[in-house]
Amino acid sequence: MDVLGTARAYIKEMVNLAGPQMKVILMDKETTTIVSCAFAQSEMMQKEASILIYVYLFERLDSPVPREAIKHLKCLVFVRPTPDNVQLLAIELRNPRYAQYYIYFSNIVSKTDLKMLAEADEHETVREVHEFFLDGIALSPPLFCINLKEVYDRSFNLTPSAYLRTKQALVALLLNQKKKPLIRYQRSSEDCKRLADDLNQVVRREEGLFDNAKQDTVLLIIDRSEDPVTPLLNQWTYEAMVHELITINNNRVAVDGQSMVL
């Protein structure tokens, strides 16, 4: 599995589907991090005939600052299919700032949300809508995360929002890696059991999306609370020590006010 390679391939495909002309990429807070960890901004803005990545401007869909209308540019929208994002996107389509919109969701989007967007597209500016299953931050080929904080409540159970986000990220991971795994979980953890059951239900419900998936993988779900020893141990590798002593955030380290990319 190479989650970083898959992320880069998906982002290239999104940009290329919109054509070789200059374009704006419109993202939310989470997809901005997903893209920035896969590509440097300068890399996204370069113009190469073999790749056709040529992004003129990066914008945030959820930014409170009004955006300038640039009617001659295409807009590539890459956002998570959350209720807030769908609502903001509907508002954008009712008063379009760009010539055409190519909309890509990072996970499964409901038919209800698609209907809302279709009704909002009064100016018929939407050219394509796709699901690209890229709903986690790829930090390296074997590692991805979703940067959740304060995921447990006072009873040390997963909060509903953290649980939902974890499930969504795992579903997208299975789909982008084209895997239909055998799911195993820690029997002593109720959260692990519930997550395993829900993932199995999603695989059965979205059977068409998993048609070509390989069944050569085991997904092992383990509760962090069952391993109290590891956080107390000193790290042996340089990268792990940097994270323990300084903190690595999305492959970046901040020291004395300066940010460095690992």
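**Exercise 1. The pairing of β11**

Task: In which sense do strand β11 (residues 252-255) and β12 pair, and over how many bridges?

Solution. Strand β11 and β12 pair in the antiparallel sense, over four bridges. The model is a predicted one. To locate one of these pairings, take Ala-254: its bridge partner in β12 is Ser-259. Next, place the pair in its sheet, which is open, has three strands and runs in the order β10-β11-β12 with antiparallel pairing. β10 (248-249) and β12 (258-261) each have a single partner strand and stand at the edges, so one side of each lacks a neighbour in the sheet.

**Exercise 2. The length and surroundings of α6**

Task: What span should the 17 residues of helix α6 (residues 160-176) have, and how far apart are its end C-alpha atoms?

Solution. The expected span is 1.5 Å times one less than the number of residues. For the 17 residues of α6 this comes to 24 Å, and the end C-alpha atoms are 24 Å apart, which agrees.

Now consider burial, taken as under 20% relative accessible area. Of the 17 residues of α6, 12 are buried, so the rest of the structure largely encloses this helix. Among them are Tyr-163, Arg-165, Lys-167 and the run from Ala-169 through Leu-170 and Val-171 to Ala-172. The buried residues of α6 pack against three helices and a strand: α1 (3-17), α2 (29-38), α7 (190-205) and β7 (143-145). Just after α6, Lys-178 has a positive phi of about 55°.

**Exercise 3. The setting of Asp-223**

Task: Is Asp-223 buried or exposed, and which side chains does its own side chain join by polar contacts?

Solution. Start with position: Asp-223 belongs to the loop between β9 (218-221) and α8 (238-245). Its relative accessible area is 11%; the cut-off for burial is under 20%, so Asp-223 is buried. Its side chain makes a polar contact of 2.9 Å with that of Ser-189 and one of 3.5 Å with that of Tyr-152. Setting aside neighbours within four places in sequence, the contacts of Asp-223 are Tyr-152, Gln-186, Ser-189 and Cys-192.

**Exercise 4. The largest pocket**

Task: How many residues line the largest pocket, and which element gives the most to the lining?

Solution. The largest pocket holds about 1,600 Å³ of space. Its lining has 43 residues, and those nearest the centre are Leu-143, Phe-144, Cys-145, Ile-146 and Asn-147. Two or more lining residues come from each of β6 (137-140), β7, α6, α7, β9, α8 and β10. The element that gives the most is α6, with six residues.

Notes
Residues numbered from 1 in each chain as written. Predicted model: local features only at pLDDT ≥ 70, side-chain atom pairs only at ≥ 80, totals over all residues. Heavy atoms only, no water. Buried < 20%, exposed > 50% of the residue type's maximum accessible area, 1.4 Å probe, protein only. Contact = heavy atoms within 4.5 Å. Polar contact = N/O pair within 3.5 Å; in protein donor to acceptor, adjacent residues only side chain to side chain. Pairing = 2+ DSSP bridges. 1 Å grid on protein atoms, 1.4 Å probe; cavity = no way out; pocket = protein on both sides within 12 Å on 5 of 7 lines; lining within 4 Å. Points joined across faces, edges and corners; volume = space filled by probe spheres on them.
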